There are 2 protein chains.
Amino acid sequence: MRDSPLHVAVVGATGAVGEEILQCLDQRDFPLTDLTLLASARSAGKNIHFQGQKIKVKELTHDAFDAVDIALFSAGGGISLEFAPSAAAAGATVIDNSSAFRMDEDVPLVIPEINPEAARQTTRGIIANPNCTTIVTLMALAPLHREFGLKTLVASSYQAVSGSGAKGIAELETQVAALGRGEAIEPDVYPHQIAFNAIPQVETIGANGYTKEEMKMQNEGRKILGTDTLIASVTCVRIPVFRSHSISVSADFEKQPSVAAARAAITAFPGVQVRDDREAALYPTPLDATGGDDCLVGRIREDLVFKNGLSLWVVGDQVRKGAALNAVQIAELLT
Amino acid sequence: MRDSPLHVAVVGATGAVGEEILQCLDQRDFPLTDLTLLASARSAGKNIHFQGQKIKVKELTHDAFDAVDIALFSAGGGISLEFAPSAAAAGATVIDNSSAFRMDEDVPLVIPEINPEAARQTTRGIIANPNCTTIVTLMALAPLHREFGLKTLVASSYQAVSGSGAKGIAELETQVAALGRGEAIEPDVYPHQIAFNAIPQVETIGANGYTKEEMKMQNEGRKILGTDTLIASVTCVRIPVFRSHSISVSADFEKQPSVAAARAAITAFPGVQVRDDREAALYPTPLDATGGDDCLVGRIREDLVFKNGLSLWVVGDQVRKGAALNAVQIAELLT
């Protein structure tokens, strides 16, 4: 633990991820000495309780980062693009939860269990927090990559509405309640009804037919794992689950992983647990991961299509390891 | 159309699929002259309205098939194993919706758009209706297989609770209502809470780590498409959707299919529609397929992992094309 003062700012403090960041800072006894909470003018003035103190949320401005050491941004890509450079210029290290800087060459993209050394290589004062689906998937694949060499993966996601923030959660709740009363619903946050439905689109569809979200697995995965040759074919689907993401993965490796060796490798890795027993029909569901720190892996079996392949099912709390917890863990690397 | 009498029996007439079979027989003006409705002793005596007539449900017994020409079974594998041979011995052609006879060599396994000729090769008087997830997936892949030669596929399913019959639908409804009242829920039909959750297990898990449901895609797919070399690596997942199944598919082919050629091949095939426009973000959701006859395909794009690969998303009404409609279509092949 450090003795010197440590001033942390949370940008987007009143959002779903911002609130979870405050919980993580509290639960993990993060060694901060000052805490500044920033949000839009609309949310400024609200009081938030943190470790027995009442802290007033301030409006985010370019000069709000004076004397801030670490600024955790979670207010969308536009806000990050506009204000993160100001925070960095004021001397803060920015940990940004948006996609704005993730693929910039001089911005580290970090999952602390996988590539912590990258966090110390920031020259620009900005460190990016990876995409939530990518984080959860890589928490299962990174230990396998180290032992067997990950070549390709085919993945389909089952993504919770928390990925769209508080408004996604509210939309699912509102639609379920309205349908329960026999009322018609009008989609707002999502392009189609999300209650009792599945929407095979997360973010915009690009020229190659894949969504931005789908391409993140390959692009961010390469950067985090340090392998330029990873190929990932992904389908991202939003389903009516509140909080944790699940991913069905078929992966091919350089070397043949046995199921037993895969279980052992994942078990030995921090931040991820094996929940896998064929005879007992044990495997994790999104509800099992919700509120927890660890990603959970089950249904580990030899893939039938890939030569050195494994199929598996991984779940992780999207708000926590997929966003807030990972950001706070990055901050811990800096203390 | 035939002029001779045609006596149809529906076994499991009061179940979810049985009810839908009656709807299909009605809507398609199936040329029946007599209709016998059979169910367990518990449901016997109920009256069901069909085309203006009130028909009393009779108890299923071994001698219930006298003078029946076509017997549509949808009452579970145990009932089929016990009573289908009696129906066939009495001279009826059985169309069985369970998995009991599907892989028997002398039982045709038929999707009428794909292998109608097989229906006429029944020597035992039993024709099997394929698994619902397999039907929906193959409705998209069969036209591609004909032109490009299907080799392998990796698929993840998003299966509706209707796949477990009326009791699956009731369990989702009950859990959503209870959670809305803040009450605890107790899973019954499914091993875990299905409301706002995803369960990566449909049927029992076998020695190779795959569930029975997952292996059906390869086993039934080979038989229906007439290719012994098809390899399918599948993950079947139950999600809180009421009625239509969705499947995310990555498939590899002998010949390279362009996206345009794939769209054209699927469009030209009966029983399946392309709903695919990248710029307009058009793709089908399970709600779009519900109540309709056709399977719907979208998100068609070059697969990034497979050399001659395509990725796509297919949805189909599980109760209808996945079960009742396909069975009635098989019956139509016999008239």
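Strand β9 (150–158) of chain B is largely enclosed by the rest of the structure, because seven of its nine residues are buried, a residue being buried if 20 or more other C-beta atoms lie within 10 Å of its own, exposed if 12 or fewer, and partly exposed in between, with C-beta atoms placed from the backbone. Strands (E, at least two residues) and helices (H or I, at least four) are DSSP runs, numbered from the N terminus. The model is a predicted one, in which local features need pLDDT of at least 70 and side-chain atom pairs count only at pLDDT 80 or more, whereas totals for chains, interfaces and linings use all residues. Residues are numbered from 1 along each chain as its sequence is written, while chains are lettered from A and ligands numbered from 1 in the order in which they are written.

Two strands are taken to pair if DSSP finds at least two bridges between them, and β9(B) has partners in both β11(B) and β10(B). With β11(B) the pairing is antiparallel and comprises eight bridges, and Leu150(B) has Phe253(B) in β11(B) as its bridge partner. With β10(B) the pairing is parallel and comprises five bridges, and here Val154(B) is matched with Ser233(B) in β10(B). These strands belong to an open, mixed sheet of six strands in chain B, whose order is β10-β9-β11-β14-β13-β12. Because β10 and β12 (272–274) of chain B stand at the edges, each with a single partner strand, one side of each is left without a neighbour in the sheet. The twist from one strand to the next averages 25 degrees, where axes are lines fitted to C-alpha atoms, for helices over the stretch in contact, and angles run from 0 to 180 degrees between N-to-C directions. At the β12(B) edge, three bridges join β12(B) to β13(B) in the parallel sense, and Gln273(B) stands opposite Leu296(B) in β13(B).

Two helices of chain B pack on this sheet, contact between two residues meaning that their C-beta atoms, placed from the backbone, lie within 7 Å. Helix α6 (residues 212–225) of chain B touches β9 and β10 of chain B, and its direction makes about 145 degrees with that of β10(B). Helix α7 (residues 259–268) of chain B touches β12, β13 and β14 of chain B, with its direction at about 165 degrees to that of β13(B).

Several elements of this sheet also take part in the interface between the chains, in which 45 residues of chain B are in contact with 45 residues of chain A. At least two residues each are supplied to the side of chain B that touches chain A by β9, α5 (166–180), β10 (231–235), β11 (244–253), α8 (286–289), β13 (295–302) and β14 (309–317) of chain B. That side divides into 25 nonpolar, 16 polar and four charged residues, with Ala, Val, Leu, Ile, Met, Phe, Trp, Tyr, Cys and Pro counted as nonpolar, Asp, Glu, Lys and Arg as charged, and the others, Gly among them, as polar.

Three loop positions in chain B were examined individually. Gly15(B), in the loop between β1 (7–11) and α1 (16–27) of chain B, counts as buried because it has 21 C-beta neighbours inside 10 Å. When residues up to four places away in sequence are not counted, Gly15(B) touches Ser74(B), Ala75(B), Gly165(B) and Ala166(B); Gly15(B) and Ala75(B) are 60 residues apart in sequence, yet 7.5 Å apart in space, C-alpha to C-alpha. Ala67(B) has a positive phi, near 70 degrees, although it is not a glycine, and this residue, in the loop between β5 (58–59) and β6 (70–73) of chain B, is exposed, with 12 other C-beta atoms within 10 Å. Glu203(B), likewise a residue other than glycine, has a positive phi of about 75 degrees; it lies in the loop between α5 and α6 of chain B and counts as partly exposed, with 16 C-beta neighbours inside 10 Å.

In chain A, an automatic or database domain assignment gives domain 1 (7–129 + 323–333) and domain 2 (133–318). The C-alpha centres of these two domains of chain A lie 25 Å apart, and 12 residues of domain 1 are in contact with 17 residues of domain 2.
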